[in-house]
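Q: I would like to learn how to read a protein model step by step, beginning with its overall layout and ending with single residues. Could we go through one together?

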Amino acid sequence: MRPNLNLFLFFFLLIASIASAQQDSLLVSQEGRSKRELKKEQREKDYEPYNALAPAKAAFYSAVLPGLGQAYNGSYWKIPIAYAGLATGVYFYLENDKQYDRYREAYKNRLAGRPDEFTVDGNTRITNDGLIRAQEFYQKNKEISILVTVGIYVLNIIDANVEAHLRQFNVDEDLSVKPNFDFDALSGKTNYGLTLNYNF
């Protein structure tokens, strides 16, 4: 009878220890699962889910109103840069147009025999050829200002489109490319290369 009691006690303690070990492993797996879920949530915060229309929307918004595509992407700090570039181009266009009109008006007055602003007391400070060259110079600068303004407008659209693409790009730490140094013990040489690591 005594051996049966000892055997029963042994099995009881064995089952109790297995049950408690099982309970502890469940707690560990639940903690591990919650950490995995937290890591997954963090990854989801790092990049936006894929939206095929987001780049097209951002480009369209920037085409309608410069800076609106950047606001759609959440890059509000780029809006003043876009407007500063456009305002600079428009300013130089208006300034060059004003100077062009000034020299053109003086040239017309001179051809008509009327006094102009570059003739003082009968002395001409700028010749007719100088007035023509000044008109050509400012005309060229006006055209460059238009090209710069259009270029900044197009860059604004391209920036919104590219950023909308990149915001959906998964930048996960599980995927990495690192330099690798491999020492070959047989030949005594070091091999250089890149390793691509992907963790599941």
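A: We begin with a definition: helices are runs of at least four residues, and strands runs of at least two, as assigned by DSSP and numbered from the N terminus. Please keep in mind throughout that this is a predicted model.

Q: With that in hand, which pattern does the protein chain follow when it is read along the sequence?

A: Read in that direction, the protein chain shows the pattern α-α-α-α-β-β-α-β-β, and its secondary structure comes to five helices and four strands.

Q: How can I describe the chain as a whole, before turning to its parts?

A: One can ask how much of the chain is covered, where a residue counts as buried if its relative accessible area is under 20%. Of the 200 residues of the protein chain, 22% are buried by that rule, and the accessible surface comes to about 15,300 Å², with 62% of it belonging to carbon and sulfur atoms. One can also look at contacts: among those between residues at least 6 apart in sequence, 52% join residues at least 24 apart.

Q: Which residues of helix α2 are buried, and how should I read such a list?

A: The general idea is that an α-helix has 3.6 residues a turn, so residues three or four places apart point the same way. In helix α2, which covers residues 54–64, the buried residues are A54, P55, A58, A59 and S62. Seen down the axis of α2, these buried residues fall within an arc of 130 degrees, so they line one face of the helix. The face of α2 turned away from that buried side carries the exposed residues F60 and V64, while the cover over the buried residues includes α3 (68–73) and α5 (128–167).

Q: How does the span of α4 compare with what its 35 residues should give?

A: At 1.5 Å a residue, the 35 residues of α4 should span 51 Å, and the end C-alpha atoms of α4 are 51 Å apart, which agrees. The buried residues of α4 include L86, N96, Q99, Y100, Y103 and R110, and among the elements that cover the buried residues are α3, β1 (119–120), β2 (123–124) and α5. After α4 comes G113, whose phi is positive, near 85 degrees.

Q: Is R110 in helix α4 buried or exposed, and what is R110 in contact with?

A: R110, which lies in helix α4, has a relative accessibility of 17% and therefore counts as buried. Once its neighbours within four places in sequence are left aside, R110 is in contact with D116, F118, T119, T124, I126, T127, N128 and L131.

Q: How do I read a pair of aromatic rings?

A: A pair of aromatic rings is described by the distance of the centres and the angle of the planes. When ring centres within 6.5 Å are taken as a pair, the count here comes to six aromatic pairs. One of them joins Y61 and Y72, with 5.3 Å from centre to centre and 75 degrees between the planes, and it is edge-to-face. This pair links distant parts of the chain, since Y61 is in helix α2 and Y72 in helix α3, eleven residues apart. Y61 counts as partly exposed at 29% relative accessibility, and Y72 is partly exposed at 34%.

Q: What kind of pair do Y103 and Y138 form?

A: Their ring centres are 5.7 Å apart and their planes stand at 15 degrees, so the pair is stacked. Y103 lies in helix α4 (residues 78–112) and Y138 in helix α5, so the pair ties together parts that are 35 residues apart in sequence. Both Y103 and Y138 are buried, and together with F118 and F137 they form one aromatic cluster. In addition, the charged end of R102 sits over the ring of Y103, 5.4 Å from the ring centre.

Q: Which residue of helix α4 can show me how sequence distance and distance in space are set side by side?

A: Take Q99, which is found in helix α4 and is buried, with a relative accessible area of 15%. Q99 and Q135 are 36 residues apart along the chain, and their C-alpha atoms are separated by 8.1 Å. Similarly, Q139 and N96 are 43 residues apart in sequence and 7.3 Å apart in space, C-alpha to C-alpha. Q139 is found in helix α5 and counts as partly exposed at 26% relative accessibility.

Conventions:
Residues are numbered from 1 along each chain as its sequence is written. This is a predicted model: local features need pLDDT of at least 70, side-chain atom pairs count only at pLDDT 80 or more; totals for chains, interfaces and linings use all residues. Side-chain values use heavy atoms; hydrogens and water are left out. Buried means under 20% relative accessible area, exposed over 50%, partly exposed in between (1.4 Å probe, protein chains only). The arc is that of the directions from the helix axis to the C-beta atoms. Contact means heavy atoms within 4.5 Å. Rings of Phe, Tyr and Trp (its six-membered ring) pair if their centres lie within 6.5 Å; planes under 30 degrees apart count as stacked, over 60 as edge-to-face and the rest as tilted. A charge sits over a ring if NZ of Lys or CZ of Arg is within 6 Å of the ring centre and within 35 degrees of the ring normal. Accessible areas come from the Shrake-Rupley method with a 1.4 Å probe; for residues, only the protein chains shown count as cover. The expected span of a helix is 1.5 Å times one less than its number of residues.
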